[in-house]
Amino acid sequence: RRRAPLFAHGMGALLSGDVARFLGDFAGKVRLRRNDVAADVALGMWVQIMEDVVYDSVHELFHEFPSSGRLVDGPVGLRGGGNTGGGIDITQPLSAVSTVVWPMTERRWKHFDANTCTLTAGLGMEWLPASAGTPPNPPVAEKREAAPAPAQVATAAPSTPRKEEYVDCWTGMGGRPEAWHLVCCKIGWSGCWGGGFTEELCCSQPPPGFLARDGEGESRALSQSAEALGRFLRFDQRELGLLMLGLENISASRGGGEDDGEAGPTERFSCLTPRDCAREAFARFYQRAWEAELLPLRHPWITDVQDHLFGLALKLRSENDGWGPKGHEHTLERVQLAEWLRVAAEYIPTEDVPGERRCLEWDSAQYSRHYFKDHCSKMDVIAYDGDEVKMAEGQTGSRRYVVDVHEAEKIIPANSVGVVVCSQIFEHLRRPHIAMAQLFRFVAPGGYVVWSAPMFSEVHGAPEDYFRYTPMGAKVLAEDAGFHIVGQYAPGGLRELAGYLVGITAPYWKKEDLLLDSGSTWPLQIYMLLYKPPV
């Protein structure tokens, strides 16, 4: 029916007896690859390797048996290009690059078993010449009904089925029938048709999915839909009623009917099974929610006075004992950072902080005072103010440095800091390798750096925003400067990240889900604890 890049799907292949026996035996031991290609395509890939077939998709290299004449007529053998003598005429001269194919018909497709890549009972071994005999271990069922002559099958054009008769157009094509019905019948891909299979024949009825098998299933589902939706969303009756009213109001105000303009791409993706329709419902609701300005729910960092969680945000703020910045209690990365700071503070022995027991942090000493008050007697701060360079020391001996960290040697002494808290800084640094080298320079031997940076985040200038960091990128950056990586933490996954980006903030999640480092390739932030080895 179409020519696949690796092997022609839907045409079948003429195999020698030894290859057929080998494949029959091998198929009983190893499952045929069927996930991403049709069974006959996978079979063709096997045959190419074993028989050293040079495959080319140029049509002249394919040799079809004619629609007239019988395969079992005449002596054993094939001939091509009008040669005389016994054997079977094929349409082109044979050559070293020939691939002889056998036309597949509607009837053969109905008897094709994709699990074993064989024709099922009713067609027999009709691709073998009569005098070739039956292989001792044929790869098909031993007992079969007599088959009509191949020429008779080949010339029988598929007829339009009666309304109650289902024509299986999709078996053996690879993937699910529903997927082929969508792309062939709903989207209208012309590459679907050929070999007697037409849009009229195959699209008159959907594949026999859930609703097609159970005509009453759809009616029952519709009658129970509101109740099922409420259970799925864990809404009570009042909340469910308000949801339905809200959707009705949005549809009325924005034109939710069939005449509201040309359908978007997702609205063409029909579905034929309950699970597929549930997924399509989410995809369509997601896009319609953006159009209706229901999304994003809120900014990932900010809750305004119109938000229905505004009261909760005030409650969380009042309960904040200093574990994070006030007003950021619902922000995912702040919750994760607080956990990492807690873990780091428990790991670092309070009595082992080197030098003058100084902590250094950007802009304020909030984290230092909350998590490392037992580790440090002096809480230093570093701030950036353009080209300005200055230092002020308070009565307690704590210092405030104003300097570009890339040039920290101008004012921050080497080996002077015991613990550095560097949180959400490195995405803003133009030359991160130089900055990391500066951290290594002014951290005392035996000192630590608690470090974090985003992998996913809105572009936010302070004053500029340059980089995002993967776990490996952050690790290499620190190791190149000379640090030992004590630990790395990359919590969350695609579920949490996707929710975060549309405003499903920390109160929606179980805390253990937000804090779990499952090794996902979709972490929101990267956290590290770095150690400067003694000289």
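Me: Why is F440 called partly exposed rather than buried or exposed?

Reply: This is a predicted model, so every value is computed from it. F440 has a relative accessible area of 22%. Buried needs under 20%, and exposed needs over 50%. The value 22% lies in between, so F440 is partly exposed.

Me: How many aromatic pairs are there?

Reply: The count comes to 14 aromatic pairs. One of them joins Y347 and Y448.

Me: What makes Y347 and Y448 an edge-to-face pair?

Reply: Two values decide it. The ring centres are 6.4 Å apart, and a pair needs centres within 6.5 Å. The planes make an angle of 80 degrees, and over 60 counts as edge-to-face. Both tests are passed, so the name fits.

Me: Why can this pair be said to tie parts together?

Reply: Y347 sits in helix α13, while Y448 sits in strand β14. Those parts are 101 residues apart in sequence, so the pair links them.

Me: What burial class does each ring's residue fall into?

Reply: Y347 has 47% relative accessibility. That is not over 50% and not under 20%, so Y347 is partly exposed. Y448 has 9%. That is under 20%, so Y448 is buried.

Me: What makes F440 and F483 an aromatic pair?

Reply: Their centres lie 5.1 Å apart, and the limit is within 6.5 Å. Their planes are 85 degrees apart. That is over 60, so this pair is edge-to-face.

Me: Which parts does that second pair bring together?

Reply: F440 belongs to helix α15, residues 432-442. F483 is in the loop between α16 (471-481) and β15 (484-489). The parts are 43 residues apart in sequence, so the pair ties them together.

Me: Why is F483 called buried?

Reply: F483 has a relative accessible area of 4%. The cut-off is under 20%, so F483 is buried.

Me: Which residues form one aromatic cluster?

Reply: F426, W451, Y466, F467 and Y469 form one cluster.

Me: Now the loop between α12 and α13. Why is N320 called buried?

Reply: N320 is found in that loop. Its relative accessibility is 6%. Buried means under 20%, so N320 is buried.

Me: How do you know that N320's side chain makes polar contacts?

Reply: Check two distances. A polar atom of the N320 side chain is 2.8 Å from the backbone nitrogen of G322. A polar atom of that side chain is also 2.9 Å from the backbone oxygen of G324. A polar contact needs N or O atoms within 3.5 Å, and both distances meet that limit. Beyond four places in sequence, N320 also touches P325, K326 and E329.

Me: What burial class does E319 get, and why?

Reply: E319 lies in the loop between α12 and α13. Its 45% relative accessibility falls between 20% and 50%, so E319 is partly exposed. The C-alpha atoms of E319 and E329 are 9.3 Å apart, with the two positions 10 residues apart in chain numbering.

Me: What makes G487 buried?

Reply: G487 is found in strand β15. Its relative accessible area is 18%. That is under 20%, so G487 is buried. Leaving aside neighbours within four places in sequence, G487 is in contact with W340, Y527, M528 and L529. The C-alpha atoms of G487 and Y527 are separated by 8.3 Å.

Me: Why does Q438 count as buried?

Reply: Q438 is part of helix α15. It has 8% relative accessibility, and under 20% means buried, so Q438 is buried. Contacts beyond four places in sequence are V405, H406, E407, A408 and E409.

Me: How do you know that the structure has a cavity?

Reply: A search of the whole structure finds one of 30 Å³ or more. The largest cavity has a volume of about 50 Å³. A cavity is space where a 1.4 Å probe fits but cannot get out. Its lining includes R298, T303 and L309.

Me: What residues line the second largest pocket, by class?

Reply: The lining has 18 nonpolar, 14 polar and 11 charged residues. D363, Q424, I425, H428 and A462 lie nearest the pocket's centre. Helix α13 gives the most to this lining, with three residues. The pocket holds about 990 Å³ of space.

Methods
Residues are numbered from 1 along each chain as its sequence is written. This is a predicted model: local features need pLDDT of at least 70, side-chain atom pairs count only at pLDDT 80 or more; totals for chains, interfaces and linings use all residues. Side-chain values use heavy atoms; hydrogens and water are left out. On a 1 Å grid over the protein atoms alone, a cavity is a set of points where a 1.4 Å probe fits but cannot get out, and a pocket is an open set with protein on both sides within 12 Å along at least five of seven lines; lining residues have an atom within 4 Å of a point. Grid points are joined across faces, edges and corners, and a volume is the space filled by probe spheres set on the points. Helices (H or I, at least four residues) and strands (E, at least two) are DSSP runs, numbered from the N terminus. Ala, Val, Leu, Ile, Met, Phe, Trp, Tyr, Cys and Pro count as nonpolar, Asp, Glu, Lys and Arg as charged, and the others, Gly among them, as polar. Buried means under 20% relative accessible area, exposed over 50%, partly exposed in between (1.4 Å probe, protein chains only). A polar contact is a pair of N or O atoms within 3.5 Å; within protein, one must be able to donate a hydrogen and the other to accept it, and residues adjacent in sequence count only if both atoms are side-chain atoms. Contact means heavy atoms within 4.5 Å. Rings of Phe, Tyr and Trp (its six-membered ring) pair if their centres lie within 6.5 Å; planes under 30 degrees apart count as stacked, over 60 as edge-to-face and the rest as tilted.
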